[in-house]
Amino acid sequence: MAVRNQHPDSKKFKFRELKVYASTEWLADNKKKYRQVFDRYDTTYVYAELSFYNKLFDEDDWEISIELKCFSIQRGRKEICNLPFRRKVSKYDNVVFVREGWGNKEEGAFWKRGTYYWEAWVDGERVATKYFYVEDAGREVQYDDNPYLTVESLRLYEGPYDDVLEEDRLYLKTFSAEETRYIYAEIILRNLNQEQSWQCELYSKFYNDARELKGQVVRLQRIEPLDDLIKITAGWGSNVKGSWRKDRYTAEIIFMDRLLAVIPFEMGEGFEEGIPTSYLPNQTTPLNFNSVDHQNASFDDLMFKLDGLIGLHAIKKQVRDHAKYIKFLQLRKEKGFEEKEDINVHSVFIGNPGTGKTTVAKMMGRLYQKMGLVSKGHVHEVDRVDLVGEYIGQTAPKVKEAIEKARGGVLFIDEAYALARSNDDTKDFGREVIEIIVKEMSNGKGDMVVIVAGYPKEMKHFLDSNPGLKSRFKLFFEFSDYLPQELSQIGKYACEEKGVQLSPEARKHIDDLIVKAYRRRDRTFGNARFVYDLIERSKVKLGLRIMADENPGNFPSDFLGKIELMDVADLDLGGQKELPDIPVDESLLSEALDELNDLIGIDSIKREIHELVRLVRFYRETGKDVLNSFFLHTVFIGNPGTGKTTVARILTKIYKALGVLERGHMVETDRQGLVAGFLGQTAIKTAEKIDESMGGVLFIDEAYALTMRTGGMFNDYGDEAIQTLLKRMEDQRGSFFLFVAGYPENMESFLKANPGLSSRFDKVLKFEDYNPHQLYQIAKLMFMQQSIELTPEADTCLQQYLEDFYRFRDKYFGNARAVRNLVEEAIKQQHLRLADLPAVARDDNSANTLEAVDIKAIELNKEDFHFQRPSIGYRRPASQDGD
């Protein structure tokens with residue numbers, strides 16, 4: 001392509017384009033036969049066409065100085081010609097064309113095989129560069145003798161702007177005018193010029209029945225000596241449906257200004273599968289390329305294609321054995337044997353993302369079609385969104401429509417487990433989907449195979465969600481994660497698909513990243529998708545590096561497809577977020593530490609937090625990375641009422657003041673806020689809470705509830721929440737902190753429930769029960785907050801009561817919460833006592849004074865304790881107890 005250089009001082013023109021051509025034949029609209037690849041045996045002159053917009057159009061005439069230079073890059077940069085001239089620009093010309101060429105009038109006399117480029121200079125500045133190539137296959141290209149290539153296959157398919165993977169293509173001869181987006185021509189050529197590398201330039205032109213040009217696509221592809229077949233796709237259309245009209249069309253393929261093939265097609269009411277007859281100019285009879293179509297490929301051809309997939313060794317063997325058994329059953333039927341049941345090929349695909357489930361499902365459809373089990377062999381892929389309606393009455397029509405679209409092939413339900421919520425959820429329409437599918441599999445019209453896919457654990461629950469579902473599936477295929485060496489092979493294939501190559505150094509770095517990711521993998525590991533993403537990101541880096549150059553158009557074609565080490569060196573696997581450089585907020589820190597110091601008891605916890613503050617200050621003063629020096633995911637262990645939540649809030653404020661947290665907020669939740677009612681949604685719900693806490697703290701109270709099974713049922717999804725938390729705690733360490741709190745025994749079970757759980761928490765804060773003196777201090781503080789004063793006798797009663805209260809405590813002891821209940825009960829008893837007095841007997845002092853009798857009265861309300869604990873109360877003298 002032509003590349004424009006920046007010219008901030010240019011005033012009179014705006015660069016439009018630089019093109020290359022060889023034929024002097026004039027075409028409509030002042031056009032030429034533009035090309036970039038020429039055969040040396042029919043090339044005389046090669047021309048450059050510079051065009052620009054006249055910014056003084058309809059205003060004034062002016063003159064411009066132009067130089068057109070041609071260079072060869074075979075052995076360094078060698079100038080072929082320099083054509084300088086001045087040109088008068090007329091004010092009547094909106095677009096100005098300047099055409100000049102170089103060569104010899106005798107064909108093949110001047111231009112030799114090689115890579116060349118034209119440069120256009122205007123007023124002493126280069127404005128554009130355009131490459132072109134001269135090829136030599138030993139003899140001239142003729143209509144009946146092409147030394148470069150022959151047409152092996154020409155087929156058409158429909159798809160979106162970004163094309164369709166080869167295994168997903170459905171070849172058509174009639175297209176729906178309403179539903180068609182892009183029409184692609186899949187062109188397969190055989191390379192006849194295998195002694196050298198060369199540039200192949202194909203023009204694909206789409207015409208309507210009136211021979212009006214609908215669109216044109218040019219593909220320039222470098223062909224290597226070992227390339228036996230050349231595969232090129234070219235499509236025209238729009239992502240917006242409705243851009244085609246009902247009509248007859250043709251797609252014409254042109255190579256080196258010669259027609260290679262013509263394939264007709266129609267736009268009608270709907271799609272019709274098949275391969276249109278193609279016409280070659282050097283043959284009198286039309287050609288039909290059905291011989292290479294998968295619909296007419298032999299069973300062995302399809303199995304050979306399956307064997308060509310990377311990895312999946314166990315799956316390949318299982319598919320082959322399964323196919324042989326089906327043939328055996330068919331043979332028995334031919335010999336007169338009667339089977340009690342029809343052949344059942346409904347299947348369950350189990351495995352992580354990117355392990356080839358969808359690819360194999362599509363191949364299974366073709367295999368079943370070859371064995372006569374289905375009529376078409378296509379695959380209709382759906383998920384929960386495609387099947388479940390939003391309101392009552394919407395689900396059944398959606399499911400039936402999907403079934404009819406899959407009729408004759410395979411209904412592939414990805415992430416099928418999302419259809420099955422917990423067994424006690426009667427409001428989810430996913431159950432209706434399962435019931436309809438079970439009925440179809442049992443006594444439907446047939447001519448359809450159902451394949452469901454998903455994670456192992458979730459798929460077990462899905463199959464158990466309906467009594468008749470599991471028995472309908474006879475085949476189970478387990479897709480293991482790809483090995484590192486297999487992922488490396490997939491990387492090479494991805495490079496071919498994306499038109500890039502990896503340098504040896506870049507290849508080694510990519511392989512190292514693959515091994516690292518493989519070792520860190522969990523059940524969400526993307527496998528082939530992960531590798532494709534790596535290659536795509538590398539290609540983006542290559543593009544940014546090329547475009548950062550002042551003259552990117554000067555790079556040879558090879559450079560545009562070569563990924564170097566510098567393009568992949570800074571690729572990562574999702575490393576931690578850099579900690580913002582936020583200064584210490586001394587005012588907020590002082591406020592938070594005062595709140596901490598004002599708390600009664602928890603001396604050991606205060607000491608740990610003060611040590612942490614000093615260390616963070618020291619690290620900040622010395623310029624060290626605070627985030628990577630402290631592991632701040634924290635466990636809070638203690639009985640109820642020991643201050644866990646209060647300290648968590650204060651600690652969050654301290655982290656914010658120290659600049660360790662970007663936002664410094666705390667999101668409080670529990671099991672109910674994380675766990676959803678059906679599989680697949682818990683991870684989403686948990687991730688939403690984590691996202692909400694980014695830059696702050698996620699505090700999970702009674703976290704042990706995530707590992708408590710509900711009667712041992714499988715439908716407890718707390719483990720799904722834990723798996724999500726574990727991954728985000730590691731992947732986004734420093735972006736947020738996780739605080740979990742709970743009772744001692746339960747939290748010990750919680751941390752042991754998952755092997756990786758306890759190792760994620762490096763800080764454990766243990767909240768001991770308050771001693772009697774601390775309980776007394778808490779009570780006095782609460783009374784003071786209520787403006788209540790105690791008489792000396794009441795004060796003595798309170799201390800004795802709390803000593804007994806502490807002595808008889810058990811593991812359910814409520815600490816400060818129990819003290820609050822005591823305080824509230826004592827105040828209530830005081831109010832009852834005052835209510836019995838005449839109004840004249842009351843005064844302001846009595847309303848704010850608590851007497852011993854108010855506390856002694858509490859004993860009457862403490863006789864019925866839970867868990868058969870000993871009754872306790874104000875300790876009376878023995879002579880009054882009756883003991």
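Which strand gives the largest share of the lining of the second largest pocket? Keep that one in mind, and I'll come back to it. Hi everyone. One thing before we look around: what you have on screen is a predicted model.

Let's begin with strand β7, residues 114-122. All of it is tucked away: 9 of the 9 residues are buried, so the strand is largely enclosed by the rest of the structure. Now look at which way the residues face. G114, Y116, W118, A120 and V122 point one way, while T115, Y117, E119 and W121 point the other way. Both sets are buried.

So who are the neighbours of β7? One is strand β4, residues 62-72, which runs antiparallel to β7 and is joined to it by 7 bridges. If you want a spot to click on, take K69, whose bridge partner in β7 is E119. Another is strand β8, residues 125-135, also antiparallel to β7, with 9 bridges between them. There, Y116 stands opposite F132 of β8.

β7 and β8 make a hairpin with 2 residues between the strands. In that loop sits D123, and it's a bit of a curiosity: D123 has a positive phi of about 50 degrees, although it is not a glycine. Is D123 buried or exposed? Somewhere in between: with a relative accessible area of 48%, D123 is partly exposed.

There's another aspartate like that further along. D257 isn't a glycine either, and its phi is positive, at about 65 degrees. Look for D257 in the loop between β15 (247-255) and β16 (258-268). D257 counts as partly exposed too, since its relative accessible area is 33%.

Okay, next a sheet. Scroll along to an open sheet of 5 strands, in the order β26-β27-β28-β25-β29, with parallel pairing. Why do β26 (666-669) and β29 (763-767) each have one side without a neighbour in the sheet? Because they stand at the edges, each with a single partner strand. On average, neighbouring strands of this sheet are turned by 15 degrees against each other, if you ignore direction. Zoom in on β26: it pairs with β27, residues 697-701, over 4 bridges in the parallel sense. In that pair, T669 stands opposite I700 of β27.

Now for the nonpolar cores. The largest one has 48 residues, and those with the most contacts inside it are V319, F349, M364, Y368, I451 and F477. Helix α10, residues 528-547, gives the largest share of this core, 7 residues. Let's pick I451 and see what it touches. Leaving out residues up to four places away in sequence, the contacts of I451 are S347, F349, A361, M364, V410, L411, F412 and I413. Apart from that core lies another, of 38 residues, including Y133, L202, F265 and L280.

And finally, back to the pocket. The second largest pocket holds about 1,200 Å³ of space. It is lined by 27 residues, and the closest to its centre are E158, L170, H378, V379 and H380. Several elements each supply at least two residues of that lining: β17 (272-273), α3 (357-370), β19 (379-382) and α5 (395-406). So here's what I owed you from the start: β19 gives the largest share of the lining, with 3 residues.

That's my tour. Thanks for listening!

Notes. Residues numbered from 1 in each chain as written. Predicted model: local features only at pLDDT ≥ 70, side-chain atom pairs only at ≥ 80, totals over all residues. Heavy atoms only, no water. Buried < 20%, exposed > 50% of the residue type's maximum accessible area, 1.4 Å probe, protein only. Pairing = 2+ DSSP bridges. Axes fitted to C-alpha atoms, helices over the stretch in contact; angles between N-to-C directions. Core = buried A, V, L, I, M, F, W, Y, C linked by side-chain atoms within 4.5 Å. Contact = heavy atoms within 4.5 Å. 1 Å grid on protein atoms, 1.4 Å probe; cavity = no way out; pocket = protein on both sides within 12 Å on 5 of 7 lines; lining within 4 Å. Points joined across faces, edges and corners; volume = space filled by probe spheres on them.
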